[in-house]
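Me: Hi! Could you walk me through this protein? I'm new to reading structures, so plain words please.

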Amino acid sequence: MPLLSCPSTGTTAVSSSVLNKNSKLYGPMNALDVSNESTCWNSDGQADGDIDLSFVINFHRTVLIEELKIQFQGGFVSEECSLYTAAAAAAATTTTTTTTTTTTTSSAPAKSSETGSPLKWKEVDDADIEPENINSVQIFPLGHVDENDRVCNAIKLCFQSGTDFYGRVIIYKLEVWGEEQ
């Protein structure tokens, strides 16, 4: 089963928040970088601790997702995580990304690369992504989920509740495994 989220395959990532807007040090592409274990995505926090963060991975091709592997920083974990997939006929794009290694954050909705219209996200209800507050890589198998919900061009992880007082989430590694379609 190949790694689908590797930046060398053209995969890109955007997030709704980056610590101090410093995408070079804390941007979402850092979580996809399997060659450097010290890089991470670090979201910005909120004074009230409430979070509503999203992390979008655009594969720029049709894939069948089988498994997610996520390594959080203990103490900065999202305890509530929802998985969404984009319709297979569409792919998310960012308006300011110029190469696969440049990252940005954008509050604008992701758009289809084919039509330019906003993506239609579908929640994957059976995903069962319930991270623990630990540093170790956590594996979330998706083989039990209907295949129609797993064939996509992009995924979005939404984080609603965090263990950090300010609602920050830190991910050192986010890998999506599956098959090319």
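**A chat about the model**

Reply: Happy to! Let's start with one contact: the side chain of Ser-78 reaches the backbone oxygen of Glu-80 at 2.7 Å. Keep in mind that this is a predicted model.

Me: Cool. Which other residue has its backbone oxygen 3.3 Å from a polar atom of the Ser-78 side chain?

Reply: That one is Ser-161. Ser-161 also appears among the residues that Ser-78 touches beyond four places away in sequence. The others there are Phe-72, Pro-131, Phe-159, Gln-160, Gly-162 and Val-169.

Me: Is Ser-78 buried or exposed?

Reply: Ser-78 counts as buried because its relative accessible area is 0%, and the cut-off for buried is under 20%.

Me: Which strand is Ser-78 in?

Reply: Strand 4, which covers residues 78-86. Much of that strand is hidden too: 7 of its 9 residues are buried.

Me: And which strands does strand 4 pair with?

Reply: One is strand 9, residues 151-162, which pairs with strand 4 in the antiparallel sense over 7 bridges. Another is strand 7, residues 121-123, joined to strand 4 by 3 bridges and also antiparallel.

Me: Can you give me a residue pair for each?

Reply: Sure! For strand 9, Leu-83 has Leu-157 as its bridge partner. For strand 7, Tyr-84 stands opposite Glu-123.

Me: How do side chains point in a strand, generally?

Reply: In a regular strand they alternate between the two faces of the sheet.

Me: New topic. Where is Gly-143?

Reply: Gly-143 sits in the loop between strand 8 (137-141) and helix 3 (147-150).

Me: Why does Gly-143 count as partly exposed?

Reply: Because its relative accessibility is 47%, and partly exposed covers the range between 20% and 50%.

Me: What does Gly-143 contact, leaving aside neighbours within four places in sequence?

Reply: Glu-66 and Arg-150. As for Gly-178, which is 35 residues away along the chain, its C-alpha atom is 9.5 Å from that of Gly-143.

Me: Now zoom out. How many helices and strands are there?

Reply: The protein has 3 helices and 10 strands. Along the sequence, they follow the pattern β-α-α-β-β-β-β-β-β-β-α-β-β.

Me: And how much of the whole protein is buried?

Reply: 49% of its 181 residues count as buried. The accessible surface is about 8600 Å², and carbon and sulfur atoms account for 46% of that.

Me: Last one: what share of contacts between residues at least 6 apart joins residues at least 24 apart?

Reply: That share is 81%.

How values were computed:
Residues are numbered from 1 along each chain as its sequence is written. This is a predicted model: local features need pLDDT of at least 70, side-chain atom pairs count only at pLDDT 80 or more; totals for chains, interfaces and linings use all residues. Side-chain values use heavy atoms; hydrogens and water are left out. Helices (H or I, at least four residues) and strands (E, at least two) are DSSP runs, numbered from the N terminus. Buried means under 20% relative accessible area, exposed over 50%, partly exposed in between (1.4 Å probe, protein chains only). Contact means heavy atoms within 4.5 Å. Accessible areas come from the Shrake-Rupley method with a 1.4 Å probe; for residues, only the protein chains shown count as cover. A polar contact is a pair of N or O atoms within 3.5 Å; within protein, one must be able to donate a hydrogen and the other to accept it, and residues adjacent in sequence count only if both atoms are side-chain atoms. Two strands pair if DSSP finds at least two bridges between them.
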